[in-house]
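Subject: Structure for you to look at

Hi,

Here's the structure I promised to pass on. Have a look at it first, then read my notes underneath.

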Amino acid sequence: MALTLLHNPHCSTSVHALDALEDAGHEVTVRKYLLVKERLDEDELRSLATRLVGDPVDALIRRDATYKKLGLEADGWDVEQVVATLVEHPSLLQRPILDDGERAQIGRPRSRAAEWAQAGRVA
């Protein structure tokens with residue numbers, strides 16, 4: 001099973017998740033989604049959103065200062081609204097996210113990283 005981690009190396013939770021997976025011996029493809037060349041396109045975001053487990057789809061959007069500045073209110077949004085927002089504002093994508101090819105999951109709370117490491121997939 002191929003594991004891909006949507007990763008921000010400047011986020012301690014994301015670094016924690018990557019370390020947990022690698023320390024458990026899992027081979028992980030790291031995708032630094034904030035880099036222009038590694039951003040997710042609309043189809044990838046839609047796929048990710050439809051395979052998300054453990055959280056509602058609107059949880060893919062970070063509620064940070066940019067979110068507040070844009071005046072967004074994403075609670076209860078559907079897949080298309082989430083995808084459109086993340087295409088326009090890729091920095092709002094929650095992180096980390098583990099994608100095992102079948103399912104995807106946000107790595108918050110931090111305890112999910114340990115579950116991923118033990119299972120070798122989205123738990």
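Let's begin with α2: on one side of this helix, D43 and T50 are exposed. One thing to keep in mind as you read is that this is a predicted model.

So which residues of α2 are buried? They are L45, L48 and A49. These three sit on the same side of α2, because they cover an arc of only 95° around the axis. D43 and T50 are on the other side. As for what the buried residues pack against, look for β1 (3-6), α4, β3 (97-99) and β4. While you're at α2, check its N-terminal end too: D41 caps it, with a side-chain oxygen 3.1 Å from the backbone nitrogen of D43.

Next, go to α4. Its buried residues are V82, V83, T85 and L86. They line one face of the helix, since they fall within an arc of 165° when you look down the axis of α4. Part of what covers them is α2. At the start of α4, you'll find a side-chain oxygen of D78 within 3.2 Å of the backbone nitrogen of E80.

Now for the nonpolar cores. In soluble globular proteins, nonpolar side chains tend to be buried together. How many residues does the largest nonpolar core have here? It has 22, and the ones with the most contacts inside it are L60, I61, L86, L93 and I97. Three elements give two or more residues to this core: α2 (42-50), α4 (79-88) and β4 (104-106). Another core, of 12 residues, lies apart from it, and L5, A17, A113 and A117 are among its members.

L86 is a good residue to click on. Leaving aside its neighbours within four places in sequence, L86 is in contact with L45, L60, I61, L92 and L93. You've already met L45 as one of the buried residues of α2, and L86 as one of those of α4.

Last, the empty space. The count comes to one cavity of 30 Å³ or more. There is about 50 Å³ of space in the largest cavity. Which residues line it? They are Y33, R39, L40, L45, L86, P90 and L93. So L45 and L86, which are in contact with each other, both turn up in that lining.

Have fun exploring, and write back if anything looks puzzling.

Cheers

Technical notes:
Residues are numbered from 1 along each chain as its sequence is written. This is a predicted model: local features need pLDDT of at least 70, side-chain atom pairs count only at pLDDT 80 or more; totals for chains, interfaces and linings use all residues. Side-chain values use heavy atoms; hydrogens and water are left out. A nonpolar core is a set of buried Ala, Val, Leu, Ile, Met, Phe, Trp, Tyr and Cys residues joined through side-chain atoms within 4.5 Å. Buried means under 20% relative accessible area, exposed over 50%, partly exposed in between (1.4 Å probe, protein chains only). Helices (H or I, at least four residues) and strands (E, at least two) are DSSP runs, numbered from the N terminus. Contact means heavy atoms within 4.5 Å. The arc is that of the directions from the helix axis to the C-beta atoms. A polar contact is a pair of N or O atoms within 3.5 Å; within protein, one must be able to donate a hydrogen and the other to accept it, and residues adjacent in sequence count only if both atoms are side-chain atoms. On a 1 Å grid over the protein atoms alone, a cavity is a set of points where a 1.4 Å probe fits but cannot get out, and a pocket is an open set with protein on both sides within 12 Å along at least five of seven lines; lining residues have an atom within 4 Å of a point. Grid points are joined across faces, edges and corners, and a volume is the space filled by probe spheres set on the points.
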